[in-house]
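Subject: A structure for you to explore

Hi there,

Here is the structure I promised you, together with its sequence. Have a look around it first, and then read on for what turned up.

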Amino acid sequence: MNDLKQVIIKCLEKAMPTSIDDLDKFLEIPADASRGDYALPCFPLAKILKKSPALIAQEIKDKIVIDPQYIEKVEVVGGYLNFYGNPQTFVKHLLENFDPKKEKFGSSNIGKGRNVVIDYSSPNIAKPFHIGHLRSTVIGGAIYRIYQFLGYHSIGVNFLGDWGVQFGKVMAGLSLWKDEYTFTEGKEIDTILKIYVRYNQEEKEKPELNDLAKKWLKKLEDHDEETVQTWQWIRKISLENFQKTYRLLHSHFDSYHGEAYYNDKMQDILDELQQKHLLKESEGAHVVDLEEYHMPPCILITSAGTSIYATRDLAALKDRAKTYDFAKALYVVGAEQQLHFKQIFKVFELMGYDTYAKR
């Protein structure tokens, strides 16, 4: 594909109505494969040439001389000039290179040892491993190995869900009903889950349990020794439970820093946002306004004065950039989190870390 791209660039250089530096950066891979292998968007040229993008694309097509060995056809679609590679040449090249390289086929050193941070799996402690996390673990593990194969240094991060109000409920539940349950070795998580489920059910009829959970979470946040020890025990047995699955899947992680790890790093993020005039008050909450980028505001401090998942994700991203100086940071998550991470990446860019955001 890189050979095809270079062939297209050489063809374009002779047909372009005006010279463009770094022409390769203008070429895109269409999201729809039926639109070709590469596409040249002509919209940036419209301002220069004072013509419609579609007309510019047609004029370039009329002048371009293609090499049929590499390019099967060229089409104008709207303001795009779409290039279709010759599949026969591609297959021939594939077959010629496959046998000599065998298990090394497809490998390269395009990564040049640069770091790629891959955030995947990320289950919640105090709960059994479930199918949603299995999907992320399998896909993330595959991406980890692919980037290693391409010459990058893969760094697997398991961003454990090990903080939040659910632990207040678990702690409160243990204080109320611990003696009613049996904690069989190796199955403690199943018992803890039963207590958590029971707490949520009884909380519907006993609102005072909500306040009790908040008190226990406050004790955890205030580093009450006994509460912290209980939390550490839950985290330990949760990880032991997860490791059984990870061993079966041959999953490897270089870091298990979860949400709790970033508790003391969130204030620095908030201070930096404040200093850069990005943090605004809105209906009692503190947010970063993203209306200009067609997104809702990114809430970092709720109207109740508490941090949320976005606060910890932003702190984690900055910490990873500082620790690993990554070439890429990848998140293997469900599609429902797409907006959340678009907001996080945009805020990170607005903070001045656009070098990382555009790598």
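Let's begin with how the chain connects to itself: among contacts between residues at least 6 apart in sequence, 65% join residues at least 24 apart. Please keep in mind as you read that this is a predicted model.

**The chain as a whole**

The secondary structure comes to 13 helices and nine strands. Along its principal axes, the C-alpha trace spans about 80 × 55 × 35 Å. How does the radius of gyration of the chain stand against that of a compact globule of 359 residues? The globule would have a value near 21 Å, whereas the chain has 26 Å. Of the 359 residues, 42% are buried. The chain exposes about 20700 Å², and carbon and sulfur atoms supply 52% of that area.

**The antiparallel sheet**

A short reminder before we look at the sheets: strands of a sheet pair through backbone hydrogen bonds, either parallel or antiparallel.

One open sheet has three strands in the order S1-S3-S2, and its pairing is antiparallel. Strand S1 (38-41) and strand S2 (71-77) are the edge strands, and each of them pairs on one side only. On average, neighbouring strands in this sheet are turned by 20° against each other, with direction ignored. If you want to follow one pairing in detail, try S2 and strand S3 (residues 80-85), which are joined by six bridges and run antiparallel. There you will find Ile71 standing opposite Gly85 in S3.

Which helix packs on this sheet? Helix H3 (residues 53-63) does, touching S1, S2 and S3. The direction of H3 makes about 155° with that of S2.

**The parallel sheet**

Another open sheet is also made of three strands, this time in the order S5-S4-S9 and with parallel pairing. S5 and strand S9 (328-331) stand at its edges with a single partner strand each, so one side of each has no neighbour in the sheet. Here too, neighbouring strands are turned by 20° against each other on average, direction ignored.

Strand S4 is worth selecting in your viewer. S4 runs parallel to strand S5 (residues 153-157), and five bridges join the two. Within that pair, Val117 stands opposite Ile155 in S5. S4 also runs parallel to S9, with four bridges between them, and Val116 stands opposite Lys328 in S9.

Is S4 (residues 115-119) enclosed or open to the outside? Five of its five residues are buried, so S4 is largely enclosed by the rest of the structure. Both of its faces are covered: Asn115, Val117 and Asp119 are buried on one side, and Val116 and Ile118 are buried on the other. You can also look for helix H5 (residues 131-149), which lies across S4, S5 and S9 and runs at about 160° to S5.

**Two residues to click on**

Try Thr227 and Lys280. Thr227 lies in helix H9 (residues 225-249). With a relative accessible area of 2%, Thr227 is under the 20% cut-off and therefore counts as buried. Leaving aside neighbours within four places in sequence, Thr227 is in contact with Met171, Trp216, Lys219 and Leu220.

Lys280 lies in strand S6 (residues 279-282). Its relative accessible area is 43%, so Lys280 is partly exposed. Again leaving aside neighbours within four places in sequence, Lys280 is in contact with Ala285, His286, Val287 and Asp289. You could also compare Lys280 with Gly305: they are 25 residues apart in sequence, and 14 Å apart in space from C-alpha to C-alpha.

**Cysteines**

To finish, a word on cysteines. A disulfide is a covalent bond between the sulfur atoms of two cysteines. How many disulfides does the count give here? The count comes to zero. Cys11, for example, is in no disulfide, and the nearest cysteine sulfur, that of Cys42, is 15 Å away. Cys11 is buried, with a relative accessible area of 11%. Cys298 is buried as well, with a relative accessible area of 2%.

Enjoy exploring, and write back with any questions!

Best wishes

Methods. Residues are numbered from 1 along each chain as its sequence is written. This is a predicted model: local features need pLDDT of at least 70, side-chain atom pairs count only at pLDDT 80 or more; totals for chains, interfaces and linings use all residues. Side-chain values use heavy atoms; hydrogens and water are left out. Two strands pair if DSSP finds at least two bridges between them. Axes are lines fitted to C-alpha atoms, for helices over the stretch in contact, and angles run from 0 to 180 degrees between N-to-C directions. Contact means heavy atoms within 4.5 Å. The radius of gyration is taken over C-alpha atoms; the globule rule is 2.2 Å times the number of residues to the power 0.38. Buried means under 20% relative accessible area, exposed over 50%, partly exposed in between (1.4 Å probe, protein chains only). Accessible areas come from the Shrake-Rupley method with a 1.4 Å probe; for residues, only the protein chains shown count as cover. A disulfide is a pair of cysteine sulfur atoms within 2.5 Å.
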